[in-house]
Amino acid sequence: MGRHQPVAKTYRRPAKVDWMRNPHRIRYMARELTSVFLIAYALVLLVGLWRLSQGEAAFDAWRAALASPLSILCHLAILAAAVYHTISWFEVMPKTMPDSNIPPAKITRGGWAVAAAASLLVLVVAVGGA
Amino acid sequence: MPGPIRVEPLDHFPIVHDLVIDQTDFLNKLEGVKPWLMPKTERSLAEGPYRQTPAQMDKYHAYSQCINCLLCYAACPQYGLKPDFTGPAALALMHRYNADSRDIGWEGRSELANADAGVWGCTFVGVCSEVCPQAVDPAHAINQNKANSAMDFFGVRKLLAPREGAK
């Protein structure tokens, strides 16, 4: 494509992208990695739905499995990843929005506030329902 | 004590010799985004220049400040992994013309933006905007056009188009 012709003889360094080269790339990879934890949690909830369809005994067994120490440890890791994902995602969110006069920091803080409020609501409903 | 400084040719480009790289790929991509004004209505010389308000100019001014230094291409890991990717500077320049009130806008360059090598080649690492010495913010230019591209895919842009034209 294009009218410019490449230089005939060039050297290409062995292509290798170094994801650890600078702090920015590390933060990006950390943000991407946390989404794996979020998928894992979505799968846990889907399994719960599937067990519910199998009847009360199956659902109770699923709930008992969730109470095991290993499961609680996993959930704590998922919680930490979800918090990091939420914080870091809203930090970059202003760049996904159309140009506007709203200061980027305001968009970020707004996102954090909505996420915190939604989490609080879920917590209140969950504690109230328990 | 400051750390050592490493001097090397720009990453991701073929090296000609020493620090000299071959920027052919970039030049072709830059031309590929049609970086010229495609006027909504042709004006004759007698009618004078196209006029624009300061507010209309603000919409694209920051994106027009690129000096083609290629730091964003050297910083972008996606360009390193996928040389087809149109890349930060060229896509920022595409947005510069799309956002210009005198230009026909998105429709003139949508095919390139919607392509795999267009805005969707970006995974939003965002490091292009960090290294840009001109504060062009290519990551912002690219990522707001993912919304445009998605709306285009679902046909929403066509619904909005008559209203945009009436402005």
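What follows is a friendly talk between a visitor and a guide about a predicted model with chains A and B.

Guide: Residues are numbered from 1 along each chain as its sequence is written, and chains are lettered from A and ligands numbered from 1 in the order in which they are written. Because this is a predicted model, local features need pLDDT of at least 70, side-chain atom pairs count only at pLDDT 80 or more, and totals for chains, interfaces and linings use all residues, while side-chain values use heavy atoms, with hydrogens and water left out.

Visitor: How many helices and strands are there in chain A?

Guide: Chain A has 4 helices and 0 strands, in the order α-α-α-α from the N terminus. Helices (H or I, at least four residues) and strands (E, at least two) are DSSP runs, numbered from the N terminus.

Visitor: What radius of gyration does chain A have, set against a compact globule of 130 residues?

Guide: A compact globule of 130 residues would be near 14 Å, but chain A has 22 Å. The radius is taken over C-alpha atoms, and the globule rule is 2.2 Å times the number of residues to the power 0.38. Along its principal axes, the C-alpha trace of chain A spans about 70 × 40 × 30 Å.

Visitor: Why is Tyr41(A) called partly exposed?

Guide: Buried means under 20% relative accessible area, exposed over 50%, and partly exposed in between (1.4 Å probe, protein chains only). Tyr41(A) has a relative accessible area of 32%, so this residue is partly exposed. Tyr41(A) sits in helix α1 (residues 23-53) of chain A.

Visitor: What is Tyr41(A) in contact with, leaving aside its neighbours within four places in sequence?

Guide: Those partners are His75(A) and Ile78(A), where contact means heavy atoms within 4.5 Å. The C-alpha atoms of Tyr41(A) and Ala82(A) are separated by 9.6 Å, although the two residues are 41 apart along the chain.

Visitor: What makes Lys106(A) count as buried or exposed?

Guide: Lys106(A) has 54% relative accessibility, so this lysine counts as exposed. Its place is in helix α4 (residues 104-129) of chain A. The C-alpha atoms of Lys106(A) and Pro94(A), 12 residues apart along the chain, are 8.9 Å from each other.

Visitor: How many disulfides does the structure hold over all chains?

Guide: There are 0 over all chains; a disulfide is a pair of cysteine sulfur atoms within 2.5 Å. Cys69(B) is in no disulfide, and the nearest cysteine sulfur, that of Cys72(B), is 6.2 Å away. Cys69(B) has a relative accessible area of 31%, so this cysteine is partly exposed. In chain A, Cys74(A) has 40% relative accessibility and therefore counts as partly exposed.

Visitor: Which elements make up chain B?

Guide: Chain B has 9 helices and 2 strands, and along the sequence these follow the pattern β-β-α-α-α-α-α-α-α-α-α. Its C-alpha atoms fill a box of roughly 60 × 40 × 30 Å along the principal axes.

Visitor: What percentage of each chain is made up of buried residues?

Guide: In chain A, buried residues make up 16% of the 130 residues. In chain B, they make up 44% of the 167 residues.

Visitor: Which residues of helix α1 of chain B are buried?

Guide: In this helix (residues 24-32), they are Thr24(B), Phe26(B), Asn28(B), Lys29(B) and Leu30(B). Their cover includes α3 (71-75), α4 (77-81) and α5 (88-98) of chain B. Just after α1(B), Lys34(B) takes a positive phi of about 50°.

Visitor: Why remark on a positive phi?

Guide: Because most residues other than glycine have a negative phi. Leu70(B) has a phi near 70°, a positive value in a residue other than glycine, and is found in the loop between α2 (54-61) and α3 of chain B. Another such residue is Asp137(B), with phi near 60°, in the loop between α7 (127-131) and α8 (138-153) of chain B.

Visitor: How do you know whether Leu70(B) and Asp137(B) are buried or exposed?

Guide: Leu70(B) has 4% relative accessibility, so this leucine counts as buried. Asp137(B) has 19%, so this aspartate also counts as buried.
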